[in-house]
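Let's take a walk through this structure, starting with the whole chain and then stopping at a few spots along the way. Keep the viewer open as you read.

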Amino acid sequence: MDVTTIFGPNTLRIIVTLVTAAFALSVIVVRLKASSRPVTIRKIIIPPLGMATGALMFVYPPVRFPFWWGLIAFAAGWLVFSYPLIKTTKFEMRGSEVYVQRSAGFAFILLGLLVLRLILHEFIQEYVSIPQTAGLFFLLAFGMITRWRLYMLKEYHIINPPASQTN
């Protein structure tokens, strides 16, 4: 039995959108709490490495699409969507540890990115299948997270040079 026969396509779309929003809000809460803990190289690197495992979705043939579609999605994440995150991420030293400075705009930027993503999702899924839409948005998010985390790593090394690091 297909899920769309139980709920209907419009109801299913609303449910998926609400679940996505709930996950995004939980990410915002986690990110805001993270600013009260010191930053380490491991904490900077692990999210994109963990997310990279999501590329296994492309083993499933219905997720595949032309290479240039993926390149455009990744580039959009890298060049456009990462920019607000980079601009609102600043580090500070507290004693001998590095912390992310709280930014009043960070939560609003994450919410704005979520709204923009949901709008784009509604538009894009009219032209490509749902699995392909998932793949495209994975690449967009991966491009965004990767550039942001590389920026964070660079800034971490500037504020806490490698000779002074203990982890």
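We'll begin with the overall layout and then look at one helix and two residues.

First, a caveat: what you have here is a predicted model. The chain is built from six helices and two strands, and if you follow it from the N terminus, the elements come in the order α-α-α-α-β-β-α-α. Laid out along the principal axes, the C-alpha atoms fill a box of roughly 60 × 30 × 25 Å. The chain has 167 residues, and 34% of them count as buried. As for the contacts with a separation of 6 or more, 79% are between residues 24 or more positions apart. The accessible surface adds up to about 10300 Å², with 73% of it belonging to carbon and sulfur atoms.

Now zoom in on α3, which covers residues 41-52. With 12 residues at 1.5 Å each, this helix should span 16 Å, and its end C-alpha atoms sit 17 Å apart, so expectation and model agree. Which residues of α3 are buried? They are Ile41, Ile44 and Pro48. These residues cover an arc of only 85 degrees around the axis, which means that they lie on the same side of α3. That fits a familiar rule: an α-helix has 3.6 residues a turn, so residues three or four places apart point the same way. And what does that buried set pack against? Its partners are β1 (91-94) and α6 (130-159).

Since α6 has come up, let's stop at Phe137, which lies in that helix. Its relative accessible area is 7%, and because the cut-off for buried is under 20%, Phe137 counts as buried. Setting aside neighbours within four places in sequence, Phe137 is in contact with Arg117, Leu120, His121 and Ile124. To get a feel for distance, go from Phe137 to Met152, 15 residues apart along the chain: their C-alpha atoms are separated by 22 Å.

The last stop is Thr88, in the loop between α4 (67-87) and β1. Is this loop residue buried or exposed? Thr88 has a relative accessible area of 14%, so it is buried. A polar atom of the Thr88 side chain lies 3.0 Å from the backbone oxygen of Pro84, and there is also a distance of 3.3 Å between a polar atom of that side chain and the backbone oxygen of Leu85. Beyond its neighbours within four places in sequence, Thr88 is in contact with Ser103, Phe106 and Ile109.

Methods
Residues are numbered from 1 along each chain as its sequence is written. This is a predicted model: local features need pLDDT of at least 70, side-chain atom pairs count only at pLDDT 80 or more; totals for chains, interfaces and linings use all residues. Side-chain values use heavy atoms; hydrogens and water are left out. Helices (H or I, at least four residues) and strands (E, at least two) are DSSP runs, numbered from the N terminus. The expected span of a helix is 1.5 Å times one less than its number of residues. Buried means under 20% relative accessible area, exposed over 50%, partly exposed in between (1.4 Å probe, protein chains only). The arc is that of the directions from the helix axis to the C-beta atoms. Contact means heavy atoms within 4.5 Å. A polar contact is a pair of N or O atoms within 3.5 Å; within protein, one must be able to donate a hydrogen and the other to accept it, and residues adjacent in sequence count only if both atoms are side-chain atoms. Accessible areas come from the Shrake-Rupley method with a 1.4 Å probe; for residues, only the protein chains shown count as cover.
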